[in-house]
Amino acid sequence: MMNSTISKEINALVLKSVPYKESSLLLTVLTKESGKQNVLCRGVKRCKKEKLFAEKFAYSKMRLYVGRGIPVVDDAELTEPFYALRQDIEKLSLAEYFCEVVLCIPFGSGDDKILSLLLNSFWLLCGSEVSPLVVKTAFELKFAQHEGFAPMDFDCSCGKPAEKWSFSRGFLCDDCAKGDGVYVSQAIINAVRHILSYDGRRAYSFEMNEEALSYLSKITEKYLQYHLDTKFDTLEYYKKFMEADFG
Ligand SMILES: [Zn+2]
C-alpha cells in the first residue's frame, strides 16, 4: 500500500497537554494555520528534555505527519517557552485561565487574531510594565470581540449617555435599562471602548484607578461566562489565590 502520510508545518501554542497511551502526549494547540487542533507527541518519556515544545504555554514551529489519525509531531523548534509565566503564581494562574477560555472554541476554529491575543497577553504577563489585572481585562474583552459578542455601541440606543451595561443588550441609559445590567462609570465605558478600538499591545495601554479596574475586571469575567455559558475552574483558582494573598 502507498504511504498516504503528508508533512505539514504549523506555528502552535500548547493550550493543554495530557498523557496519551504508554509514552505519548496529546497536545491541544492553537495554530496560526488551522486554528485549534490536536497533535500527538510520541516518545516523550525517552527524551523529556528535548520535548520542551510539548509543555503548556510553549510556542513552537512544528512539523507534522498528517495521516489518517491524529497528526503526529515529527520535529519541533521552540520559538518561545514563556518560562516567566511559571515564576509567579498570579501570572501562572492567569495564563492557565486564558488557555481554558481559548479551549472553549471549537476544533478547527480560532484565527490568528486569537493566537496574537494569547501571545500578546503572555508577553505582557511575562513583563512588568502592564499590570496582570489590565492584561486579564483586555484579554477577556478582546476575546469577546474576536468571537463576535463584544458591545459595539457605547451610548444608549435612545441617544442618551450610557449608565448601565446589560450583558444581553449592551450599554444603556438607566431609563432604557429598566432594571437590567450593572452600573458603569464613564471611565469604565471609556476603557472598554479603548480596548475594543485597538488591536495588538495598544489595547492594553489604558489608565484607570485600581478600584475601577478591579470593578471592570469583575464585570468582564462575568460577561465572558455569560456569553460562553460556562464557568472556569482556573478563574476560581486565580480568585481564591488573590483573596488569600491580598484580601
Ligand atoms: Zn436610553
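This section describes helix packing, two loop residues, one buried lysine and the enclosed spaces of a predicted model.

Helix packing is taken up before the other features. Two packed helices are described by the angle between their axes and the distance between the axes. Helix H1 spans residues 89-102, and helix H2 spans residues 112-126. Their axes come within 10 Å and cross at roughly 175°. Angles over 145 degrees count as roughly antiparallel, and H1 and H2 are therefore roughly antiparallel to each other. On the H1 side, the contact is made by Lys-91, Leu-94, Ala-95, Phe-98, Cys-99 and Val-102. H2 contributes Ile-114, Leu-118, Ser-121, Phe-122, Leu-125 and Cys-126. By class, the residues of this contact divide into 10 nonpolar, 1 polar and 1 charged.

H1 also packs on H3, at an angle of about 5° and with the axes 11 Å apart. Angles under 35 degrees count as roughly parallel. H1 and H3 are therefore roughly parallel to each other. Glu-90, Leu-94, Tyr-97, Phe-98, Val-101 and Val-102 in H1 meet a set of residues in H3. That set consists of Pro-132, Val-135, Lys-136, Phe-139, Glu-140 and Phe-143. The contact of H1 with H3 has 9 nonpolar and 3 charged residues, and no polar ones. Leu-94, Phe-98 and Val-102 of H1 take part in the contact with H2, and these residues also meet H3.

Lys-136 of the H1 contact with H3 merits separate description. This lysine lies in helix H3. Its relative accessibility is 0%, so Lys-136 counts as buried. Neighbours within four places in sequence are left aside in the contacts that follow. Lys-136 is in contact with Leu-94, Tyr-97 and Phe-98, which are residues of H1 that meet H3. Lys-136 also touches Ser-217, Glu-221, Leu-235 and Tyr-238.

Two residues other than glycine have positive phi values. Phi of Lys-21 is near 50°. Lys-21 lies in the loop between strand E1 (6-20) and strand E2 (24-31). With 72% relative accessibility, Lys-21 counts as exposed, because the cut-off is over 50%. Phe-82 is not a glycine either, and its phi is positive at about 50°. Phe-82 sits in the loop between strand E5 (72-80) and H1. At 1% relative accessibility, Phe-82 counts as buried, because the cut-off is under 20%.

The largest pocket holds about 420 Å³ of space. It is lined by 16 residues, and the closest to its centre are Leu-133, Ser-214, Lys-218, Tyr-238 and Met-242. Helices H3 (132-146), H6 (210-228) and H7 (233-246) each supply at least two residues of the lining. The largest share, 6 residues, comes from H6. The lining of this pocket has 6 nonpolar, 3 polar and 7 charged residues. Tyr-238, one of the residues closest to the pocket centre, is also in contact with the buried Lys-136.

The model has 1 cavity of 30 Å³ or more. About 30 Å³ of space lies in the largest cavity. Its lining is formed by Leu-52, Glu-55, Lys-56, Ala-58, Pro-81, Tyr-83 and Arg-86. Of these lining residues, 4 are nonpolar and 3 are charged, and none is polar. Pro-81 and Tyr-83 of the cavity lining flank Phe-82 in the loop between E5 and H1.

Key
Residues numbered from 1 in each chain as written. Predicted model: local features only at pLDDT ≥ 70, side-chain atom pairs only at ≥ 80, totals over all residues. Heavy atoms only, no water. Axes fitted to C-alpha atoms, helices over the stretch in contact; angles between N-to-C directions. Helix = DSSP H or I, 4+ residues; strand = E, 2+ residues; numbered from the N terminus. Parallel < 35°, antiparallel > 145°, perpendicular 65-115°, else oblique. Contact = heavy atoms within 4.5 Å. Nonpolar A, V, L, I, M, F, W, Y, C, P; charged D, E, K, R; others polar. Buried < 20%, exposed > 50% of the residue type's maximum accessible area, 1.4 Å probe, protein only. 1 Å grid on protein atoms, 1.4 Å probe; cavity = no way out; pocket = protein on both sides within 12 Å on 5 of 7 lines; lining within 4 Å. Points joined across faces, edges and corners; volume = space filled by probe spheres on them.
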